[in-house]
Amino acid sequence: MGTRSLGASIHARHAHIIETTVTGTKLKTRMITYPIPVDRPPRGAVRQVLVCGACKKEVPYRILGTLPTRVRRALWLLLALAGAAAIYLCVFRVDQTLEALGRSGTVLTGVLACAAAGLYALIGGISRWWREDGVTITKSKGKDYRHEVHR
């Protein structure tokens, strides 16, 4: 899927958030990133606890193998294609759609809502498909908002 290689090394990095500042309508985040020093398993998944380089806390990770990561990427791409199909059917063929369903205000609202959901699925699917690396931070006992996976 795509031009990105998917080998034993992991391209995602561990990020420790140093500071979050709200300026107007934007949220600026400063972070320090560290490589994730774990090789990808050939299949299945591996759970690993890594130590953050900035705060020295243990952060639990789940790293998927090559095949599960490719399956996740394919599912995100399928969601994006479904969104594109919904947009095509709702927007570009709106005359045929309204003619088949009958011309009323509630039908037009439904068609526009379908197009909006398709646009959301298209943008979200492409974004997730591009950033999917099979690395997630698993739940720990306490909530810790200072760590994330940076792609």
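This report walks through the fold of one protein chain, from its overall layout to its core and its first helix.

## Overall layout

The structure shown here is a predicted model. Its chain contains three helices and six strands. Starting at the N terminus, these elements follow the order β-β-β-β-α-α-α-β-β. Of the 151 residues in the chain, 28% count as buried. The chain exposes about 10,100 Å², and carbon and sulfur atoms supply 61% of that area.

How do contacts span the sequence? Among contacts between residues at least 6 apart in sequence, 61% join residues at least 24 apart.

## Strand β4 and its partners

A good place to start looking is strand β4, which covers residues 58-64. Five of its seven residues are buried, so β4 is largely enclosed by the rest of the structure. The table lists its pairings with β3 and β5.

| Strand paired with β4 | Residues | Bridges | Direction |
|---|---|---|---|
| β3 | 45-51 | seven bridges | antiparallel |
| β5 | 135-137 | three bridges | antiparallel |

On the β3 side, V46 has I63 of β4 as its bridge partner. On the β5 side, R62 stands opposite T136. Strands β3 and β4 form a hairpin with six residues between them, and here K56 takes a positive phi near 65°.

## The nonpolar core

In soluble globular proteins, nonpolar side chains tend to be buried together. Which residues make up the largest nonpolar core here? This core has 10 residues: A12, I36, V38, L50, C52, V59, Y61, I63, V135 and V149. Strand β4 gives the largest share of this core, with three residues.

L50 is one of the core residues, and its surroundings are worth a look. Leaving aside residues up to four places away in sequence, L50 touches I36, P37, V38, K57, E58, V59 and Y61.

## Helix α1

Next comes helix α1, which spans residues 66-92 and has 27 residues. From its first C-alpha to its last, α1 reaches 38 Å, close to the 39 Å expected at 1.5 Å a residue.

Which residues of α1 are buried? They are T66, T69, R73, A80, G83, A86, I87 and C90. An α-helix has 3.6 residues a turn, so residues three or four places apart point the same way. With that in mind, try following the buried positions A80, G83, A86, I87 and C90 along α1 in the structure above.

Conventions. Residues are numbered from 1 along each chain as its sequence is written. This is a predicted model: local features need pLDDT of at least 70, side-chain atom pairs count only at pLDDT 80 or more; totals for chains, interfaces and linings use all residues. Side-chain values use heavy atoms; hydrogens and water are left out. A nonpolar core is a set of buried Ala, Val, Leu, Ile, Met, Phe, Trp, Tyr and Cys residues joined through side-chain atoms within 4.5 Å. Buried means under 20% relative accessible area, exposed over 50%, partly exposed in between (1.4 Å probe, protein chains only). Helices (H or I, at least four residues) and strands (E, at least two) are DSSP runs, numbered from the N terminus. Contact means heavy atoms within 4.5 Å. The expected span of a helix is 1.5 Å times one less than its number of residues. Accessible areas come from the Shrake-Rupley method with a 1.4 Å probe; for residues, only the protein chains shown count as cover. Two strands pair if DSSP finds at least two bridges between them.
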